[in-house]
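Here are some notes on aromatic rings and the charges placed over them, written for a colleague who is opening this structure for the first time.

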Amino acid sequence: MAKARAEVHLLDTAEMQNMVTAIEESTRATKTGVARFIEPAQGSPLRRATAKRHHIVFGRRGSGKSSLLRKAAAELTIDRRPIAFVDLEPFKGHTYPDVLLSVLITTFDAFATWLKDAGRTPASKTTFWHRLFGTKPKRPPLEKTATNKLMAELRRQVQELKELLHSADEAEIKTSQVANRELSESSGAALDAKISAKAGPFEASATASQKASAASKFTESMERSEEYKRKKIDFLLRHIIDYQRIFHDLGELSGGDAFLILDDLYHLQRRDQPNLIDYFHRIAKNNQLWIKVGTIRHRTEWYLHGNPPTGMKLGDDADEIDLDLTLEKYSLTKDFLFAVLAAFAKESGVNLEDILAEGSRDRLVLASGGVARDFLTIFRRAVDIARERPSDHIRGSKIGAEDVNRASGEHDQTKRDELRRDITEESEEIESALARIVGFCTEKAQSNCFLVEKDRHEQYIKLIAELVDMRLIHLVRSRTSVGHRKGKAYVAYMLDLSQYTGERKRQNLAMISFWTSQGEDQMRHVKNIYDPERGNTADEPGESPAEDEPGESPAEDEPGESPATEARPATRSA
């Protein structure tokens with residue numbers, strides 16, 4: 001009893017509270033949060049993100065795209081390399097070319113601010129440098145007169161772009177108001193004509209004239225709208241050379257290259273994404289400007305074939321940096337996630353061994369799907385749940401697998417809200433696909449993993465990829481086989497933990513430890529093959545699924561039983 005109380009108190013200590021607060025503050029990438037950045041073990045993404053090469057950084061929500069790009073911006077700033085960090089989420093819903101004008105305005109303004117602050121602030125101003133970057137630059141400040149001149153030019157361009165953006169809108173509004181008034185008047189005249197059945201030819205002629213005038217005004221409004229759109233595009237095309245000269249001068253001033261970071265491109269309308277990338281790519285070419293784009297892969301169009309092509313082509317114009325640590329690389333993903341958590345624990349003076357029960361580590365990894373932000377959020381929620389448990393509870397006071405299950409279930413609503421916000425047009429189709437997969441896994445296969453035939457259902461796999469990007473399905477194997485189906489290749493997925501735990505808890509659903517050899521064999525069972533066209537197990541006529549591999553029932557979730565670990569049997573109950 002005394003030991004239980006001590007452990008409960010440990011979750012309520014000042015150190016533990018500091019850790020939870022730090023985790024909560026870190027769930028959104030900020031300038032000051034770069035001090036906690038931990039680089040994934042694969043591919044040296046930070047070194048690549050600061051290289052003189054265009055890059056597109058891919059990753060699911062919460063995978064660390066913004067953290068990487070902000071860390072890169074900090075590293076470049078310390079070296080006095082001009083950077084502009086542009087968050088594209090505020091421009092969600094804007095249409096082309098207004099979205100490009102808005103991003104240009106923000107970009108030029110960000111470079112002007114960088115020149116004023118980081119470009120001119122001497123290294124002796126340690127308060128400024130250490131507060132934001134933790135160190136000071138070795139290179140001297142930029143030359144004052146040339147810096148002020150370039151800042152003035154950037155701000156002049158900003159003002160010109162703002163006038164173009166807003167003046168056309170005001171003129172268009174006035175034209176639309178005139179057209180609407182004319183339409184209203186013609187509707188009233190038409191009603192009067194119906195009331196007065198004896199209206200003469202003069203009155204009828206007047207009504208027809210008013211309707212024709214309104215129609216003319218409406219047409220004029222549409223034509224003027226298109227005219228302003230063409231004027232904006234023509235303006236942007238004519239000024240490419242001017243903008244190229246700005247970045248050439250910026251390179252001369254800084255003695256090196258500049259970097260433009262466009263974060264969260266997927267928030268923009270898909271049809272506008274390649275146009276925006278293309279415009280900045282044209283400005284950057286041969287002008288010492290390098291573009292770094294952060295986005296979600298299956299929500300993005302970065303290149304369109306055509307004559308001429310639009311955007312940046314991977315491999316030719318740019319390279320990709322993939323931050324998606326999936327469950328396919330389970331050990332690597334687990335090590336990275338716990339390195340992130342250990343950094344918070346060390347900073348706060350907390351020993352993870354004291355607060356995590358056996359079995360909770362793997363459950364945290366599974367619940368997160370390999371996404372760092374989800375991992376930290378679910379851990380934080382699990383702490384709150386474990387604190388609510390009575391001190392004399394049979395499961396003890398440490399964070400256990402059942403706490404993680406409940407925390408994961410609570411996190412489901414956040415994911416669904418993000419899905420509806422990010423995928424407005426296809427959200428119903430995607431949610432319907434998820435519901436069918438959940439039904440298959442929980443009612444038919446009774447397994448947290450399912451397989452889809454790779455060559456037969458390529459289009460459906462693209463739809464599942466959307467669910468993977470939204471962290472409701474997780475990739476387990478990009479290619480695997482099934483003994484009964486020789487010559488056929490399958491993709492293996494895991495249903496997100498939130499879909500069968502917490503309020504949706506399913507007692508008889510087997511949780512396969514796919515990262516073990518025994519678990520992989522169970523995952524490749526024929527009963528786990530999902531046929532999206534039939535909505536059930538893809539059993540061939542006359543074929544009966546093989547008997548399930550032997551497994552033991554639950555470990556973590558039932559009071560009094562010792563939790564399972566990787567070394568224990570590969571099948572567990574949810």
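1. A charge over a ring is a convenient place to begin: the charged end of Arg297 is positioned over the ring of Phe58, at 4.1 Å from its centre. Please keep in mind while reading that this is a predicted model.

2. A further arginine can be described in similar terms, since Arg70 lies over the face of Phe85, and the distance from the ring centre is 4.0 Å.

3. Turning to contacts between rings, the structure holds 16 aromatic pairs. One of them is formed by Phe111 and Phe247, whose rings meet edge-to-face, with 5.3 Å from centre to centre and 75 degrees between the planes. This pair links distant parts of the chain, for Phe111 belongs to helix 5 (residues 98-119) while Phe247 belongs to helix 9 (residues 240-254), and the two are 136 residues apart.

4. Are the two partners of that pair buried or exposed? Phe111 counts as buried because its relative accessibility is 1%, and Phe247 likewise counts as buried because its relative accessibility is 2%.

5. Phe128 and Phe133 form another edge-to-face aromatic pair, with their centres 6.3 Å apart and an angle of 65 degrees between the planes. Here Phe133 is partly exposed, because its relative accessible area is 22%, and the cut-off for buried is under 20%.

6. Which residues are linked into a cluster by ring pairs? The cluster consists of Phe440, Phe450, Tyr460, Tyr493 and Tyr530, and ring pairs provide the links within it.

Conventions: Residues are numbered from 1 along each chain as its sequence is written. This is a predicted model: local features need pLDDT of at least 70, side-chain atom pairs count only at pLDDT 80 or more; totals for chains, interfaces and linings use all residues. Side-chain values use heavy atoms; hydrogens and water are left out. Rings of Phe, Tyr and Trp (its six-membered ring) pair if their centres lie within 6.5 Å; planes under 30 degrees apart count as stacked, over 60 as edge-to-face and the rest as tilted. Helices (H or I, at least four residues) and strands (E, at least two) are DSSP runs, numbered from the N terminus. Buried means under 20% relative accessible area, exposed over 50%, partly exposed in between (1.4 Å probe, protein chains only). A charge sits over a ring if NZ of Lys or CZ of Arg is within 6 Å of the ring centre and within 35 degrees of the ring normal.
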